[in-house]
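Please open the model in a viewer and keep the sequence panel visible. The tour below proceeds by selection, and each stop describes what is found there.

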Amino acid sequence: MMFLRRTTLTLAAAALAVTGLAACSSGTDSSSGEATVTWSTWGTPDELRVFEQFNKQFMENHPDIKVVFQPTASYSDYHSKLNTQLTSHTAPDVFYVGDDRVATLVANGVLESLDDHLANEASPIGIDDFSENIYRVAQKDGLTYALPNDVNPDAMWYDKEALAAAGITEDPATLADEGKWTTEKFFEMTSKLKGAGLTGAAYWNYWSTTNSIIESQGGKVYDSAGKYVANSDPKSVEALEQWAKRFRSGEVVVADLMPAGQDADTLFVTHQLGFLVQGRYTVATIQGAGNSLDSYDVVRWPSPDGKATPFGVASSFLAINKDAKDKSAAFQFFSEFLSKEGQKLRLENSGNALPSIHGLDDLIKNADEVKHIGSLIEMRDNGFANYAVEAAVPDLSNTIANDHMLPLYQGKISVQQALDEIAKLVAEKTQQ
């Protein structure tokens, strides 16, 4: 289930005190006087119970709208089912979609454009409430077709005990605060960790890791016209050379390939791994092992000059079916789910994701978690989603990761060969 963990966001099963959501009128069914909104998502039983709480509160606030919930447990099964439903015009009115699938649905023309709905004065949310670098993957021809419901910056979580065991006395987050968190300093630490018999850093092999390595070091993946340029950009090539060298030596590792019992989570909570790159749900991993959060912290990606640079943010999106029977009621549900009140309901007291909407920063900054947990907000605002040109082609990002980046990390091909192959692949797929 690691693919699910790195491309979706989970919610804690918390006993939340439900606050009232703003109530206003919605469309009704002419035959019954009651509108119906069907919606779907994936999730564990604990996660789905949180959604059921929202459904209940929404219907209490809107007695003229009935909510029908259609959850699916598996992420992959969910999207297979959704695609079948969209093809047969039987899909729910509102639904979740993963950041690796949303651009495809936009390209297929099956989603409702949100711009006119968001511009309505009665809407509790507006397009400016969200980060354009995230929702850009759900845009086409200047229109927006989905918005993120919650997000997770692919940050660098680190184990202070592992660093100390390797003789490292400097603190990465403190260095970042001082503008001294450089790529050179980071690799100095991973080298010391490996020298001490520990693992320097672990990364999940997907679009965010590839693009974060490049963009955090000042390189480019795509140009403004949507052309893949990493293979011809010197900074991009240099950045991947730096990481590929360390993957080949075992100084840093691909988390997807780690065996059971020696997986990234296990090494991290047993103080054998210095840095683990993933989302806020890492807090739950640490606590679930019975470890003290005082032994851990979080920091942004390093950069050549120590200044903050952008890196990937994993997201899940909410969209409205273009064939929704009652679009007024569907948008009422959609907008309240994504509103400050709706996100607070789902994320308060949870250590698994960040709100996607601006204005709930204190929800994270005041969380009783690792010391620099509040820095995740800046990482979210400076981060980026996958490029729409790539994400719009089914499985293109996965093909890039598995067929080209993985052999590179394993030392089977050179950086230039991998990037040239990717450039050719992207050109072929986007032309098709």
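Two strands are said to pair if DSSP finds at least two bridges between them. The model under view is predicted.

**First stop: strand β12 and its sheet**

Select β6 (residues 146–153) together with β12 (residues 313–320). These strands pair in the antiparallel sense over 7 bridges. Within this pairing, proline 148 stands opposite phenylalanine 317 of β12. Add β3 (94–98) to the selection. β3 and β12 are also paired in the antiparallel sense, over 5 bridges, and glycine 98 stands opposite serine 316 in β12.

Now show the side chains of β12. In a regular strand, side chains alternate between the two faces of the sheet. Val313, Ser315, Phe317 and Ala319 point one way, while Ala314, Ser316, Leu318 and Ile320 point the other way. Is strand β12 mostly covered or mostly uncovered? The strand is mostly covered, with 8 of its 8 residues buried.

Extend the selection to the whole sheet. This open sheet has 6 strands, in the order β2-β1-β3-β12-β6-β13, with mixed pairing. β2 and β13 (354–355) stand at the edges; each has a single partner strand, so one side of each is left without a neighbour in the sheet. Toward the β2 edge, select β1 (residues 35–40) and β2, which pair in the parallel sense over 5 bridges. Threonine 38 has valine 68 in β2 as its bridge partner.

Next, select helix α15 (residues 340–347). α15 lies across β3, β6 and β13 and runs at about 40° to β6.

**Second stop: serine 74**

Centre the view on serine 74, in the loop between β2 (65–69) and α3. The serine 74 side chain makes a polar contact of 3.2 Å with the side chain of serine 76. A polar atom of the serine 74 side chain also lies 3.2 Å from the backbone nitrogen of aspartate 77. Then add threonine 44: this residue and serine 74 are 30 residues apart in sequence and 8.4 Å apart in space, C-alpha to C-alpha.

**Third stop: two residues with positive phi**

Most residues other than glycine have a negative phi. Select histidine 89, in the loop between α3 (75–87) and β3. Histidine 89 has a positive phi of about 60° although it is not a glycine. With a relative accessible area of 59%, histidine 89 is over the 50% cut-off and is therefore exposed.

Move to aspartate 141, in the loop between β4 (139–140) and β5 (143–144). What is the phi of aspartate 141? Its value is positive, about 55°, although the residue is not a glycine. Aspartate 141 counts as exposed, at 72% relative accessibility.

**Fourth stop: the five-stranded sheet**

Select β7 to β11. These 5 strands form an open sheet in the order β9-β8-β10-β7-β11, and the pairing is mixed. β9 (252–254) and β11 (296–299) stand at the edges; each has a single partner strand, so one side of each is left without a neighbour in the sheet. From one strand to the next, the twist averages 25°.

Inside this sheet, isolate β8 (residues 199–203) and β10 (residues 273–278), which pair in the parallel sense over 3 bridges. The bridge partner of alanine 202 in β10 is leucine 276.

Two helices may now be displayed against the strands. α9 lies across β7 (155–159), β8, β9 and β10, running at about 115° to β8. Helix α17 (residues 375–382) lies across β7 and β11, running at about 30° to β11.

**Fifth stop: α9 against α11**

Two packed helices are described by the angle and the distance between their axes. Select α9 (residues 183–195) and α11 (residues 234–249), whose axes come within 12 Å and cross at roughly 5°. The two helices are therefore roughly parallel to each other. Thr183, Phe186, Phe187 and Lys194 in α9 meet Gln242, Trp243, Arg246 and Ser249 in α11. The residues of this contact divide into 3 nonpolar, 3 polar and 2 charged.

**Last stop: asparagine 211**

Finish with asparagine 211, found in helix α10 (residues 207–215). Is asparagine 211 buried or exposed? At 3% relative accessibility, asparagine 211 counts as buried. Leaving aside neighbours within four places in sequence, asparagine 211 is in contact with Val221, Phe384, Asn386 and Tyr387.

Key. Residues numbered from 1 in each chain as written. Predicted model: local features only at pLDDT ≥ 70, side-chain atom pairs only at ≥ 80, totals over all residues. Heavy atoms only, no water. Helix = DSSP H or I, 4+ residues; strand = E, 2+ residues; numbered from the N terminus. Buried < 20%, exposed > 50% of the residue type's maximum accessible area, 1.4 Å probe, protein only. Axes fitted to C-alpha atoms, helices over the stretch in contact; angles between N-to-C directions. Parallel < 35°, antiparallel > 145°, perpendicular 65-115°, else oblique. Contact = heavy atoms within 4.5 Å. Nonpolar A, V, L, I, M, F, W, Y, C, P; charged D, E, K, R; others polar. Polar contact = N/O pair within 3.5 Å; in protein donor to acceptor, adjacent residues only side chain to side chain.
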